[in-house]
Amino acid sequence: MLKARKIHVADDFLVAGRSITWPLLFATMGATVIGGGYSIGAVGKSYEWGLLMVLISMGGYIHFIFSGLVVAPKFREAKLYTVAGYFGHRYGEGPRLAAMVLSLLFSVFIVAAQMAAIGSVLSTLMPATIDAQNTIRTGILVGGILVVLYSTAGGLLAVIYTDVYQFVVLLLGFLITLAFIMPDMIATWPTVTNTLPDRFFTITGDKGWAFMLTTFLAFLVGETFAPGYATRYCIGKDVRHTKIGIAGVGAFLTLIFPVIIFFIALYARMKFPDIDPQQALPQVIRYLHNPFISGIIIAALLSAVMSSADSALNSSTAIFVKDLFEETFHWTGKDQAQMLRIARICTAVLGVVAMLIAILWSDIIELLLFTYQVWAPAIILPVVIGATTSFRSKALNRAILWTMILSTVITFGYRYTEYAATFDPAVFGVFLSVGVYAVIRSGEKLIKRISN
């Protein structure tokens, strides 16, 4: 609420006045990235897959190095707000509308996934005798209302300063947990290496190279240029601060966080060899039986998921205000106070919609996978082409639009085939988009040559 006093116009609410220095950008990006999937979900998969998950999860961080050095400066220089705004700036109205629809779907479902994760975290505090599903739903409502309140009041500026505290608590929680478990782990290390299967300590596990590579690529492309991240490409004080903040956090998380997660998962595997993988982190918390460490790690988990939720919620609002109301409906004549009210109403409404989705569909991983598979096939290739080339033409714009449409439709159908279980649809969709684009551009050139 303190930051709400500094919000006077829509730009303050949506992009924090474009005044964020690189340390703040580093912290808000870090807190946004490590949501429910990269904390609770990553520990569970590391418990199940072992070292394989360390390599795979790195894919979710590496793309920020490329984004920070190549893509984010383009967003900042053009003073954009959203991914759809970039598509309009680079490719025209058709691709902008397609990107806007996909951005809205992605953002709302990402918020829903994080709210479902909030419910899961809060449910670990409740006695086992209470109905788990109702506890999760209560947690979704409580956590969701908190996120909506401070996001609606203070916009992105409030989100950023909240993210700074959450990032500190997040790192502190996981590092303290690691410090508590390491002495026991070191003392019993010979027993660990003898009792756990060899696959636990190999980079392919028992999945094989094909699974490792395609799943790594799914993490790499699944959230690349996501709306919540793209908003942060636009808020740096200048291009230098933007590059350092975004590329820096990508390098930091790639090297540090997967290793921390792996050792926590390894400890859970040592102590609880036969539990549901998703219970690995809660079981470690209970086993340590220390109110201080339990409080810190619960705070860290809530920090992780709430920061991802508020970031996606803010990006959803930016999409509605800038891409829908201003660009599509041409509400450009309204005064700044009125646009600020519209932005706050959108935040509240979108937050409530996301809470309802989370209550009806509380499977975190399924929600995340759905968003990745809708997003990556249509967005990755056009952004890369736009950021790395300067060529412009109406033919290029048409090719981009049809590539987006065809790649999305075909990938959505591919999701329901038997092959989707072994070759991730998001990765399939990105490769498909390259092929579709190449065919369309080649066809256009052939037709032009024939007509001449």
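Buried, in these legends, means a relative accessible area under 20%. The model shown here is predicted, so please read each close-up with that in mind.

**View 1. Thr215 sits out of the solvent's reach in helix α9.** Thr215 belongs to helix α9, which covers residues 209-222. With a relative accessible area of 12%, Thr215 falls under the 20% limit and therefore counts as buried. Follow its side chain and you will find the backbone oxygen of Phe211 at 2.7 Å.

**View 2. Lys207 meets the ring of Phe211.** Here the Phe211 ring has company: the charged end of Lys207 sits over it, 5.4 Å from the ring centre.

**View 3. Phe174 and Phe257 form an edge-to-face pair.** The structure has 16 aromatic pairs, and this close-up picks out one of them. The ring centres of Phe174 and Phe257 lie 5.3 Å apart with the planes at 75°, so the pair is edge-to-face. Phe174 comes from helix α7 (residues 132-187) and Phe257 from helix α11 (residues 239-271), so the pair ties together parts that are 83 residues apart in sequence. Phe174 is buried, at a relative accessible area of 1%, and Phe257 is buried too, with 1% relative accessibility.

**View 4. Phe200 and Phe201 pair edge-to-face.** Their ring centres are 5.4 Å apart and their planes stand at 75°, so this pair is edge-to-face. How accessible is each partner, Phe200 and Phe201? Phe200 is buried, with a relative accessible area of 0%, whereas Phe201 is partly exposed at 28%.

**View 5. Five aromatic residues gather in one cluster.** Look for Phe75, Tyr86, Phe87, Tyr91 and Tyr233, which together make up one aromatic cluster.

**View 6. Arg415 places its charged end over Tyr416.** In this close-up, the charged end of Arg415 sits over the Tyr416 ring, at 5.3 Å from the ring centre.

**View 7. Cys234 and Cys346 are shown in a structure with zero disulfides.** A disulfide is a covalent bond between the sulfur atoms of two cysteines. How many does this structure hold? The number is zero. Both cysteines in this legend are nonetheless worth a look: Cys234 counts as buried at 0% relative accessibility, and Cys346 is buried with a relative accessible area of 10%.

Methods:
Residues numbered from 1 in each chain as written. Predicted model: local features only at pLDDT ≥ 70, side-chain atom pairs only at ≥ 80, totals over all residues. Heavy atoms only, no water. Phe/Tyr/Trp six-rings, centres within 6.5 Å; stacked < 30°, edge-to-face > 60°. Helix = DSSP H or I, 4+ residues; strand = E, 2+ residues; numbered from the N terminus. Buried < 20%, exposed > 50% of the residue type's maximum accessible area, 1.4 Å probe, protein only. Lys NZ or Arg CZ within 6 Å of the ring centre and 35° of its normal. Polar contact = N/O pair within 3.5 Å; in protein donor to acceptor, adjacent residues only side chain to side chain. Disulfide = S-S within 2.5 Å.
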